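Let us walk through this model one part at a time. Keep the sequence beside you and turn the structure as you read.

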Protein chains: 2
Amino acid sequence: MPTDIKKILAGDQLAGARLIRQLEDGDPSGMAGLKTIFAHTGKAFIVGITGPAGSGKSTLVSHMITECRRRDLKVAVVAVDPSSARTGGAFLGDRLRMGQHAKDNGVFIRSMATRGHVGGLSTTTREVVLVLDAMGYDMVMIETVGVGQDEVEVAEFAHTTIVVSLPGAGDDIQALKAGLLEIGDVYVVNKGDLPGADNEVARLKSMLQMGQKGEGSWSAPVLITVAVKGEGISAVVDACWHHRQHLRDRGLFQKHSEQQTLDLFQRLVMDLVGDKIFNDSHASAAYQTLLEDVKNRKIDVVTAAEHLVKNLHVII
Amino acid sequence: MPTDIKKILAGDQLAGARLIRQLEDGDPSGMAGLKTIFAHTGKAFIVGITGPAGSGKSTLVSHMITECRRRDLKVAVVAVDPSSARTGGAFLGDRLRMGQHAKDNGVFIRSMATRGHVGGLSTTTREVVLVLDAMGYDMVMIETVGVGQDEVEVAEFAHTTIVVSLPGAGDDIQALKAGLLEIGDVYVVNKGDLPGADNEVARLKSMLQMGQKGEGSWSAPVLITVAVKGEGISAVVDACWHHRQHLRDRGLFQKHSEQQTLDLFQRLVMDLVGDKIFNDSHASAAYQTLLEDVKNRKIDVVTAAEHLVKNLHVII
């Protein structure tokens with residue numbers, strides 16, 4: 001086993017960060033590293049945290065880290081960073097707030113740029129989480145901003161999803177929140193010392209009740225926090241671990257992890273297949289003619305696609 | 001040519017809606033229809049409209065329709081609908097506001113559910129736009145809500161992207177807007193009668209100036225509207241058509257359309273390939289063993305993917 005891999009499995013943050021960087025850069029050593037660590041993954045508890053900008057997610061996450069450390073749990077955070085070259089800034093402030101954990105070897109915080117995306121799960125998030133899993137973090141939190149397809153993706157990927165909201169927000173935020181009501185396992189009304197917090201809790205509870213899924217199913221709690229004061233954090237961490245136990249008792253934790261592995265497998269297959277088809281064909285004159293004919297609408301796009309795939313054979 | 005296709009090419013809304021429904025449902029007649037109409041596409045001007053919820057996009061769109069009709073342009077709108085079974089409602093109100101165009105055969109409005117997504121471009125949006133293109137609409141507007149990967153996707157797909165914002169919004173909205181500053185070709189500050197509209201325009205202009213791309217490149221205008229009163233709408237429609245002319249003068253309109261066709265081609269190829277690989281392999285015992293081995297981490301996920309793709313051959 002290469003020294004670097006040994007270091008990663010021992011939780012060495014420098015070695016872990018190097019592999020993560022290689023995966024993000026599409027460096028072939030990244031995939032080679034992933035092969036070696038894969039057998040050591042599948043243990044981490046993956047928690048997604050989502051909610052509108054301004055709801056105080058980063059502060060909540062920072063206090064959750066402190067609470068987990070108190071419980072002697074190793075924690076990693078992947079913050080999917082919506083900042084961009086031109087307009088970045090807001091997120092840097094969030095990162096600074098997490099500075100207090102910088103010297104704790106049981107904590108690993110990683111911001112991932114989304115390269116043209118504004119929020120959500122970047123392409124390599126799954127691979128990065130595998131690295132953190134192999135490094136021995138008990139809990140990996142994925143923090144995202146915004147609402148959209150991305151959040152649904154995070155919720156599908158995580159074992160447990162926390163949806164953060166805040167009291168008395170305007171209509172625009174209410175509309176944003178509506179879409180999140182189907183993906184949460186734990187709801188947190190942060191800034192709970194603002195007026196209207198109890199109303200917000202009641203509103204969420206009644207909306208959740210409408211969607212009740214019957215006996216034995218998980219009933220998502222609605223919790224109040226004041227993250228800046230560290231209030232209510234312990235209950236949030238408890239709720240996550242209760243949900244984890246709920247999944248384990250029903251064999252769903254294992255099932256979920258298997259599904260994630262299969263999803264990654266399919267994505268890797270499709271990536272490789274895409275490369276193979278489009279790169280291998282590229283030099284072919286017949287392929288170039290096909291492309292020209294599609295562009296000029298001499299052949300329709302569906303027939304052209306069918307034609308290409310017709311000549312493709314898989315033997316397994 | 002089947003009667004239905006003739007009707008679609010003549011702009012028959014009932015026939016068009018039927019083909020759209022078939023495409024959304026994954027009905028094989030949808031793909032068959034797409035084949036027949038494809039040669040008649042590539043003419044429509046595609047305009048994306050995005051911005052935070054509450055910025056008044058739907059009202060703006062409704063007035064833009066009126067303005068386009070005044071200019072004798074046929075207009076279609078695809079509203080990507082974030083409502084869901086459980087929490088739907090807000091968007092229905094928006095649709096009702098568009099009711100005034102219901103009896104105009106030169107206007108076609110279609111809401112698309114995003115099936116688990118909260119906003120953005122649904123999988124069949126490109127195909128639906130092709131149908132509207134074949135039906136002879138001069139301009140197809142795609143209206144989305146939220147910010148995220150989805151919006152970037154819409155911006156790439158559209159010839160011209162309008163980013164709508166509003167004055168004096170809170171920090172949360174400011175953060176949301178930041179991500180949109182790279183994708184707009186036309187900026188609209190709606191609710192321009194609210195205090196702070198001029199500040200908002202100045203702020204946007206100075207942010208845009210920082211990203212100036214040099215001589216001859218498009219300089220995105222920042223316009224003020226009061227959509228509920230129909231003010232400033234004509235200038236927005238003008239700006240879109242100016243941008244279209246800018247693209248045409250540089251051969252970029254054609255180039256953009258070709259790129260969209262190639263993107264659709266690649267996606268159709270990948271869909272077909274995915275079906276072929278995962279469905280065809282499904283019955284194979286060797287494939288099932290491979291999957292089990294990945295699940296149990298006897299083989300790593302990268303090697304397993306490589307193994308599957310190694311046996312795949314494309315002859316063109």
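Start with helix α4 of chain A, residues 57–70. At 1.5 Å a residue, its 14 residues should span 20 Å, and the end C-alpha atoms are indeed 20 Å apart. Now look at its surroundings. Ten of the 14 residues are buried, so α4(A) is largely enclosed by the rest of the structure. Among the buried ones are A:Leu60, A:Val61, A:Met64 and A:Ile65. A:Lys57, A:Ser58 and A:His63 are on that list too. Just after the helix, A:Asp72 takes a positive phi of about 65°.

Two other residues of chain A deserve a look for their phi. Most residues other than glycine have a negative phi. A:Lys191 is not a glycine, yet its phi is positive, about 55°. A:Lys191 sits in the loop between β6 (186–189) and α9 (197–210) of chain A. Is A:Lys191 buried or partly exposed? It counts as buried, because 23 C-beta neighbours lie inside 10 Å and 20 are enough. A:Arg297 also has a positive phi, near 60°. Its place is the loop between α12 (285–295) and α13 (301–310) of chain A. A:Arg297 has 14 C-beta neighbours inside 10 Å, so it counts as partly exposed.

Step back to the whole chain. This is a predicted model. Chain A has 13 helices and eight strands. Of its 316 residues, 46% count as buried. Take the contacts in chain A between residues at least 6 apart in sequence: 76% of them join residues at least 24 apart.

How far can the model be trusted? The average pLDDT of chain A is 84, and 83% of the residues score at least 70. Confidence is highest in helix α10 (residues 233–249) of chain A, at 97, and lowest in helix α5 (residues 90–97), at a mean of 48. Residues 83–94 of chain A stay under 50, and the model has 17 contacts for them beyond four places in sequence. Residues 116–120 of chain A are below 50 as well, with 35 contacts beyond near neighbours in sequence. Where pLDDT is low, the predicted coordinates should not be read in detail. For the complex, the predictor gives an ipTM of 0.80 and a pTM of 0.76.

Next, find helix α3 of chain A, residues 28–37. Its buried residues are A:Gly30, A:Gly33, A:Leu34 and A:Ile37. They cover an arc of only 105° around the axis, which means that they lie on the same side of α3(A). The spacing makes sense: an α-helix has 3.6 residues a turn, so residues three or four places apart point the same way. What covers these buried residues? The cover includes α1 (3–9), α2 (13–25) and α6 (125–134) of chain A, and also α13 (301–310) of chain B.

A:Ile37 leads on to A:Val131. Leaving aside neighbours within four places in sequence, A:Val131 is in contact with A:Ile37, A:Ile8, A:Gly16, A:Leu19 and A:Ile20. The largest nonpolar core has 153 residues, and A:Val131 is among those that touch the most other members. So are A:Leu132, A:Val140, B:Val131, B:Leu132 and B:Val140. In soluble globular proteins, nonpolar side chains tend to be buried together.

Finish in chain B. B:Gly54 is found in the loop between β1 (45–50) and α4 (57–70) of that chain. B:Gly54 is buried, with 20 other C-beta atoms within 10 Å. B:Leu166 is 112 residues away along the chain, but the two C-alpha atoms are separated by 8.6 Å.

Terms used. Residues numbered from 1 in each chain as written. Chains lettered and ligands numbered in written order. Predicted model: local features only at pLDDT ≥ 70, side-chain atom pairs only at ≥ 80, totals over all residues. Buried ≥ 20, exposed ≤ 12 C-beta atoms within 10 Å, placed from the backbone. Helix = DSSP H or I, 4+ residues; strand = E, 2+ residues; numbered from the N terminus. Arc of directions from axis to C-beta. Contact = placed C-beta atoms within 7 Å. pLDDT = per-residue confidence, 0-100. Core = buried A, V, L, I, M, F, W, Y, C linked by C-beta atoms within 7 Å. Expected span 1.5 Å × (residues − 1).
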